[in-house]
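Reader: I should be grateful for a close look at one sheet of this model, set against the background of the whole chain. Please describe how its strands are ordered and paired.

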Amino acid sequence: MLRGAIVAVPGSRRLTSPSLLQATSARPEEAGEEGCTPGFQLKKYLLEYDGGFRKDQTLLTVLFDDCAGNEGVTFEVSNPDFLVNKDRTLVAQRDITESEAVLFIHGLSAHADDMAQVDISGAPIRPPHTLREMQGLNQVSSRTKRSLLVPPMFVPENQRPPFPRIIGKVISANMREDHTFRLTGKGADEDPKGVFSINKYTGEVAVSRPLDREVIPFYRLQVSTIDMGGRLVEGPVDLEVSVIDQNDNRPIFKEQRYAGEVLEGSPTGTTVMTMTAADADDPNTDNAVLRYNILRQSPDKPSPNMFYIDSDRGDILTVISPKLLDRETLPTTTYELEIVAKDMAGSEVGLTGTATATITITDRNDHAPEFTHSLFKATVDEGSIGVVVNLTIDDRDDPATGAWRAVYSIISGDPNHSFEINTNPDNNEGMLTVIKPLDYESTDLNTLLIRVENEDPLVPEVAYGPSSTATVQVTVLDVNEGPIFYPDPMRVTKRENLPVGSFVGMLNATDPDNRQVQSIRFAVLKDPAGWLTVNPVKGTVNTSATLDRESPYVDNNQYTALVVATDNGDPPATGTGTLIITLEDENDNAPYVHPSVVRVCEDAKDMNVFVVGGRDKDIHPNTAPFKIELGKQLGLEKTWKASRLNTTHSQIMLLHNLKRANYNLPLVVTDSGVPPLSNNTEIKVQVCTCKKNRMDCSSASSVHTNLLTLLVFVLSSLCKCSSSNMYI
């Protein structure tokens with residue numbers, strides 16, 4: 001029988017699995033430390049020749065990665081009798097009974113260009129029979145320096161003394177007596193130094209200490225030959241040493257305790273959670289292949305096998321039937337599982353690690369809430385608000401969920417929306433509350449139909465029944481209520497300045513206690529200005545003082561008073577009402593001018609010195625337009641002139657300059673009321689010195705005179721000094 005297999009180099013144990021050898025050798029130290037190295041991840045392969053190779057026989061799988069997705073990778077074999085398929089397997093294209101001892105595989109993509117060597121052990125050597133083969137072989141031999149044969153080597157981890165141990169041998173076809181082997185790189189003359197050594201005469205490679213694959217899984221060293229003078233003869237050629245894994249690491253769960261939940265009533269086979277452990281051993285060997293198992297379930301009721309764990313994936317699933325997975329009937333809602341993970345694919349010699357899984361059976365809404373009574377009774381005083389009764393229910397679901405929390409609603413019996421129900425979050429009771437005062441005279445008994453539901457919907461197979469509704473009877477107790485004014489507020493319109501004792505209005509109040517016969521008495525509760533009196537029996541309101549629209553107690557022409565009505569019930573009850581009097585204006589306030597003080601410059605060039613305006617406490621039509629005129633003083637018109645600007649203001653002009661002093665200018669202002677009112681007033685005029693936009697009135701304020709005195713002085717001067725002609 002023709003067969004091909006990968007074998008180990010001398011000093012290593014025989015590996016009959018091609019994939020195992022390739023995976024073990026395909027973790028270069030440089031790639032692990034520095035990232036992906038484009039090209040063949042394993043550059044040397046050993047293939048055992050045992051009588052030949054059969055057509056289409058898979059011989060080995062090459063490891064190639066261009067670190068960019070391997071798009072468009074092509075392979076070329078130095079011997080056309082062999083081919084690398086798209087799945088990167090080396091196959092024979094015909095039955096081969098003879099073969100050369102070495103094959104070379106050229107891998108090429110847009111991101112990598114590399115060569116790998118396949119040594120065929122035991123094959124009869126034949127020369128290349130085509131020019132293409134010879135060219136390919138020569139090119140490969142030149143690139144890989146075939147005169148120095150450095151096979152990959154393998155070392156089991158955790159070896160025991162004695163050391164050193166021979167792990168393989170390097171062969172040189174051109175070796176001479178004056179040549180020696182030299183070993184360099186990490187693990188030889190670089191840290192970690194001294195792990196490997198080479199016999200400089202025989203080429204035997206040895207390891208000097210136990211290795212730990214979990215620390216360094218792969219070494220890449222360089223072998224070369226040198227002459228007696230230390231000059232390089234051959235090489236360097238890479239020496240790849242793979243550390244073979246041993247089962248020296250237990251499975252470890254990331255956490256010691258895991259928590260999961262499953263809904264009650266879940267179908268059998270529902271996944272609850274996943275338990276995964278990690279093993280530091282080689283993942284390509286059984287040393288890291290884990291199997292999971294449940295060691296213990298606590299409690300073990302109603303069955304010791306309520307759950308199952310997938311031995312490969314670590315998924316925990318339910319085994320118990322949905323009917324038995326009932327949170328309300330199970331002895332507990334929390335189950336604890338002890339989970340074990342064993343490596344070596346679960347064999348007896350495997351190492352184990354354990355963790356705990358806590359599974360909580362969560363609630364679903366499979367129980368409808370039910371009232372503890374079909375009828376609840378309560379009493380409430382009319383006119384009051386607040387909670388009148390607490391409605392109690394039973395619900396077997398989990399109190400921490402929406403499957404237990406209750407939602408109440410009023411189905412019927414509350415047409416005026418006088419009630420509402422809120423849920424007490426502490427005990428799930430329904431608090432029936434009066435939010436609008438009830439009237440005993442309208443109805444003394446309210447019958448409500450109440451429904452209770454859960455926040456979460458019920459499961460399809462459960463429905464709300466008659467016990468989820470209840471009747472509530474609320475009896476209203478009679479309370480002596482105070483009289484009610486109508487209308488409230490009461491509005492009347494009166495002219496101000498009415499004679500004392502004038503009629504203002506008639507108060508009207510009724511007693512809502514129509515099932516009782518009661519009398520009502522009236523009184524003034526709040527009369528800010530003290531203008532009113534009320535007849536206690538008839539309720540007539542009259543003036544006790546003059547109504548004044550301009551009073552500070554009047555706001556926007558309205559005067560507001562509060563009145564009270566008291567019945568003769570036991571105990572008596574009172575009600576308040578508002579009386580608003582709108583006051584019509586009379587022309588009873590004379591107008592006045594503003595401002596009262598003005599300043600002018602003694603050498604003013606503009607004789608339009610200031611503007612005055614009229615004001616009046618009365619309102620239209622008893623105010624503007626105002627007439628503002630000079631007072632009735634002799635000669636006043638020779639110095640001043642008043643000109644109307646608009647309905648409220650007039651321009652005051654000087655007919656000639658005045659000397660620096662204070663003057664009192666008499667004016668007469670008249671409103672437009674019927675009849676009109678006038679007011680004789682004076683404006684203080686300060687004549688000041690003005691220089692560079694600054695006004696100095698300091699000395700002017702010390703001189704006090706009036707225009708009449710000034711006029712007498714001027715007329716006297718005119719009599720004595722005929723040559724002088726000054727008019728004021």
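**A four-strand sheet in its setting**

Author: Of the contacts in the protein chain that link residues at least 6 apart in sequence, 68% join residues at least 24 apart. The model is a predicted one. Its protein chain holds four helices and 55 strands. Of the 728 residues in the chain, 44% are buried. The accessible surface of the protein chain amounts to about 37500 Å², and carbon and sulfur atoms account for 51% of that area.

The sheet chosen for the close look is open and consists of four strands, ordered β47-β49-β52-β51, with antiparallel pairing. Its edges are formed by β47, residues 592-594, and β51, residues 640-644, each of which pairs on one side only. From one strand to the next, the twist averages 30°. In general, the strands of a sheet pair through backbone hydrogen bonds, in either a parallel or an antiparallel manner. At the β47 edge, three bridges connect β47 with β49, which spans residues 608-615, and the two strands run antiparallel. Within this pairing, H594 lies opposite G613 of β49.

For reference, another open sheet of the chain has three strands in the order β13-β17-β16, and the pairing there is antiparallel. Its edge strands are β13 (165-169) and β16 (196-198), each paired on one side only. Neighbouring strands of this sheet are turned by 30° against each other on average, direction ignored. Strand β13 is joined to β17, residues 204-207, by four bridges in an antiparallel arrangement, and R165 has V207 of β17 as its bridge partner.

Methods:
Residues numbered from 1 in each chain as written. Predicted model: local features only at pLDDT ≥ 70, side-chain atom pairs only at ≥ 80, totals over all residues. Heavy atoms only, no water. Buried < 20%, exposed > 50% of the residue type's maximum accessible area, 1.4 Å probe, protein only. Contact = heavy atoms within 4.5 Å. Areas by Shrake-Rupley, 256 points an atom, 1.4 Å probe, with all protein chains shown as cover. Pairing = 2+ DSSP bridges. Axes fitted to C-alpha atoms, helices over the stretch in contact; angles between N-to-C directions.
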